[in-house]
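Hi,

Here is the model I promised to pass on. Have a look at it first, and my notes follow underneath.

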Amino acid sequence: MAVPVPVARMAGMTPPPAPPAPPRPPAPPKPPKHSGYSYHTGDDGDSYVLLYGDDNMVSMNGSTDDLRRIKRLQDDSKDGLLWFRQGGKEYVVRDPALIRRARDLFEPQAKLGEKQGDLGAKQGELGAKQGELGAKQGALGAELGKLAGDRARRGDEDDRDLEKREQELQRKMDDLGRQQEELGRLQEELGRKQEELGRMQEELGRKAEKEFKSLVNEAVRSGAAQPVR
């Protein structure tokens, strides 16, 4: 059976460079928080802050200044509070039924955000494993390079011990390469799932925004939304 040619078979051969570390996986997107701040500035200048639950869970489209403002309007009610700005005017809603409807609009996004968070954690774990494998590949590559340099300097073509060691290291390097490829495949699969969840999140966001605008318009017409003086 043919014997594989060792890495440094010929005298004067340049030692092989250590393999490059695997690329770092992209940071997973931060999911919307169910009990925190999630906001952005609206193009039309309108904004809202929704507080609900005993732990004051927050859904908002505005700024932290808006959040501080609504905190001053909050009372001891456990039903929550909805503040919004529309057409340059500020309103506050304390009706429990409307608060629940507003909360339910954003619930699907919160649940999907939790899935994005779990998926992002898995991406992070895979990325850590890729980094560990990359470190092992670098160490093996350095050792292979050292052996190749030793053989080149000594010019000893019959040193079977070095030859066997090189072959052993090369087998380990090949095995790590296969593991790295598998992790890369899994990382790509998780990335595709993350992109799909992102598209779903955008779709849910558009739907919730449309329904929320209808809700606040209804609140203004019915008088459930009281102007803030």
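**What I found**

Tyrosine 48 is buried, with a relative accessible area of 11% (buried means under 20%, exposed over 50%, partly exposed in between, with a 1.4 Å probe and protein chains only). Before I go on, the ground rules: this is a predicted model, where local features need pLDDT of at least 70, side-chain atom pairs count only at pLDDT 80 or more, and totals for chains, interfaces and linings use all residues. Numbering runs from 1 along each chain as its sequence is written, and side-chain values use heavy atoms, with hydrogens and water left out.

**The rings**

The structure has four aromatic pairs (rings of Phe, Tyr and Trp, the last by its six-membered ring, with centres within 6.5 Å; planes under 30 degrees apart are stacked, over 60 edge-to-face, the rest tilted). Tyrosine 48 and phenylalanine 106 make a stacked pair, because their ring centres are 5.5 Å apart and their planes sit at 20°. That pair links distant parts of the chain, 58 residues apart: tyrosine 48 is in strand E1 (residues 47–52) and phenylalanine 106 in helix H2 (residues 96–154). Helices here are DSSP runs of H or I with at least four residues, strands are runs of E with at least two, and both are numbered from the N terminus.

Phenylalanine 106 is buried too, at a relative accessible area of 11%. It also forms a tilted pair with phenylalanine 212, at 5.7 Å centre to centre and 50° between the planes. Phenylalanine 212 belongs to helix H3 (residues 160–222) and phenylalanine 106 to H2, so this pair ties together parts 106 residues apart in sequence. Phenylalanine 212 is buried as well, with 6% relative accessibility. Ring pairs thus join Tyr48, Phe106 and Phe212 into a cluster.

**The two helices**

H2 runs for 59 residues and covers 85 Å from first C-alpha to last, close to the 87 Å expected at 1.5 Å a residue (the expected span is 1.5 Å times one less than the number of residues). Where does H2 bend by about 35°? The bend is at phenylalanine 106, the residue from the ring cluster, and proline 108 follows within four residues. By bend I mean the angle between axes fitted to the seven residues ending there and the seven starting there.

At the start of H2, a side-chain oxygen of aspartate 95 comes to within 3.2 Å of the backbone nitrogen of alanine 97. H3, with 63 residues, should span 93 Å at 1.5 Å a residue, and its end C-alpha atoms are 91 Å apart, which agrees. Just after H3, glycine 223 has a positive phi of about 90°.

**A glutamine contact**

Glutamine 130 is in H2 and glutamine 187 in H3. Their side chains share a polar contact of 3.2 Å (N or O atoms within 3.5 Å; within protein, one must be able to donate a hydrogen and the other to accept it, and residues adjacent in sequence count only if both atoms are side-chain atoms). Glutamine 130 is buried at 7% relative accessibility, and glutamine 187 is buried at 9%. A polar side-chain atom of glutamine 187 also lies 3.4 Å from the backbone oxygen of glutamine 123.

**The chain as a whole**

There are three helices and five strands, in the order β-β-α-β-β-α-α-β. Of the 229 residues, 36% are buried.

Cheers
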